[in-house]
Amino acid sequence: MESTNLERSICVGQVPTPTNEYRSQRKFKRSVEASGSPVLPPLPLPATPHPFPFTGSRILIFKQDPSVSEVGVRKIFLPAFISNGPQDARIHSTGLPVVSKNAFGDFIQSPGTDAFDVVQTFAVVRMTLTMAQRALASMGIANVIPWQWNSSANTLPISVFAHGLPDTMNAFYSRGDKALKFGDFIRPGSSPVERIFTCRSLDIVAHETGHAILDSLKPGWILGGNPPQTGGLHESFGDLTAIFLTLSQLDLSEAVIAQTKANLHDKTFLSDLAEQFGLALGRPNGLRNADNNLKLSQAGNEVHAISQVFTGGIYDVLADIFNFERRIALKDDAKVLYDCGQYIYGLVLRAIIAAPTNAATFADVVNHMLTICTSDGRPLAYKNSIKNNFTVREVVTAPLEANFKDGAKLKAHIVDEKGAVQNRSTCCGTMKHDEYADVESYLQQELKELKKAFGKEK
């Protein structure tokens, strides 16, 4: 009777769950018995320690821009711990209700909702920061890029406001607020009324995050007292961040190849930036088009116009190097494009780090790119592309027909006039923010004019 009761109790679920070790032993024993000959057990793999007991989260986002229908909404996977919010140690979502993970630890929300916007914005900021940190870590430069205000005594994260600027056709990064804020507005002339949310555009979120990252690397560059080209580098880095974040996603590299038939100078969402915003303003190619032919003599002192000269030069270098590296019999074009994007983004980052702390020019960054390319042992074709594209755009002076000579420093072609003032009238909200304006110099100039009026200063 006791035996029967014991058997009955076992049948109702009191059998302990077999351990992994037991399963492995049984599997090995069955394989030996089935083969009739001894089988060597598999060698144990070395344990890979992980600091946290988690696998990361899946997140649903617009992987490009809401108007890019061929990409649309897709899942991404962030292999790091993310708390409800969403938030992590570096980035906090703020201003809208907290979004909680589902039962699987994922953030899957319906597009068009506030919760989706919060998750979308956090995810793109995190992807952008991760891309920059990986680029530098792979070159042994740094594992962590701190925010501009961070120190050993201040590890405050950046606050991200997905709906931070109601009825505003802009977005910005604020060092003082330690924040990224994104606007929304009603599309002019829309019927029925259509509200555009800038946080839904990967291009816009990556661009503003690019400003925050560059402010960490070069805090002097964002200030209005710098010459126009320095401001152009800041705006260009934002646009380039969006381009290279797109290329850091293998499925989007593949989509670019399919859309353009591997011709990066064909029309593509890669070179068109913030398409939905641009269409709302009646523009055909988004807010800006990286595949352009602008030269410095055509840009003046307007920072956004200047930025497109540098962005266009880098885009042309990307297209040249991609064509040089193509091996259709050996490699998939999408993988080649991905690899080229990874290298050129890291090259630009390292050149920026090596450039002057203040008043940096396009020529400064171009010369550092050439030096780094040489030290990396890259082919001559890389260096010739950099030299020629920025010569054509009047950034540097060099003979187009001659090969670049290692160690050469190219002379700047067009330079900002002494005392030239940046025109930030059409910039994004970051560059227009009062905290970066050179207010003191403006006040001093006004006082100087007042003294002149009284004949006390000439």
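# Exercises on a predicted protein chain

The protein chain exposes about 22,700 Å², and carbon and sulfur atoms supply 56% of that; accessible areas here come from the Shrake-Rupley method with a 1.4 Å probe, and for residues only the protein chains shown count as cover. This is a predicted model, where local features need pLDDT of at least 70 and side-chain atom pairs count only at pLDDT 80 or more, while totals for chains, interfaces and linings use all residues. Residues are numbered from 1 along each chain as its sequence is written, and side-chain values use heavy atoms, with hydrogens and water left out.

**Exercise 1. Take stock of the chain.**

Start with secondary structure: there are 13 helices and 11 strands. These are DSSP runs numbered from the N terminus (helices are H or I with at least four residues, strands are E with at least two).

Next, burial: 47% of the 458 residues are buried. The scale is relative accessible area (buried under 20%, exposed over 50%, partly exposed in between; 1.4 Å probe, protein chains only).

Then look at contacts, meaning heavy atoms within 4.5 Å. Of the contacts with a separation of 6 or more, 62% link residues 24 or more positions apart.

**Exercise 2. Work out how helix 3 sits against helix 4.**

Fit the axes first, as lines through C-alpha atoms over the stretch in contact, with angles from 0 to 180 degrees between N-to-C directions. For helix 3 (residues 114–137) and helix 4 (residues 202–217), the axes come within 9 Å and cross at roughly 45°.

Now classify: under 35 degrees is roughly parallel, over 145 roughly antiparallel, 65 to 115 roughly perpendicular, and the rest oblique. Helix 3 and helix 4 are therefore oblique to each other.

For handedness, the crossing is right-handed (near helix turned clockwise from the far one by less than a right angle; anticlockwise would be left-handed).

Who makes the contact? Helix 3 brings residues including Val124, Thr128 and Leu136, and helix 4 brings, among them, Val205, Thr209 and Ile213. Sorted by class, that's 10 nonpolar, 4 polar and no charged residues. The classes: Ala, Val, Leu, Ile, Met, Phe, Trp, Tyr, Cys and Pro are nonpolar, Asp, Glu, Lys and Arg charged, and the others, Gly among them, polar.

Finish by zooming in on Gln120 of helix 3. Gln120 is buried, at 0% relative accessible area. Leaving out residues up to four places away in sequence, Gln120 touches Ile61, Phe62, Cys199, Arg200 and Leu202.

**Exercise 3. Repeat the recipe for helix 9 and helix 10.**

Geometry first: the axes of helix 9 (residues 333–354) and helix 10 (residues 362–375) come within 8 Å and cross at roughly 120°. That makes helix 9 and helix 10 oblique to each other, and the crossing is right-handed.

On to the residues: Tyr343, Leu347 and Arg350 are among those from helix 9, meeting helix 10 residues including His368 and Met369. The class count is 10 nonpolar, 1 polar and 1 charged.

**Exercise 4. Pick out the backbone oddities in the loops.**

Check omega: Gly85 and Pro86 are joined by a cis peptide bond with omega about -10°, and Pro86 is in the loop between strand 2 (73–78) and strand 3 (91–94). The Ser191 to Pro192 bond is cis too, with omega near 0°.

Then check phi: Asp167, not a glycine, has a positive phi of about 55°, and at 57% relative accessibility Asp167 counts as exposed. Lys178 also has a positive phi, near 55°; Lys178 is partly exposed, at 24%, and lies in the loop between strand 5 and strand 6.
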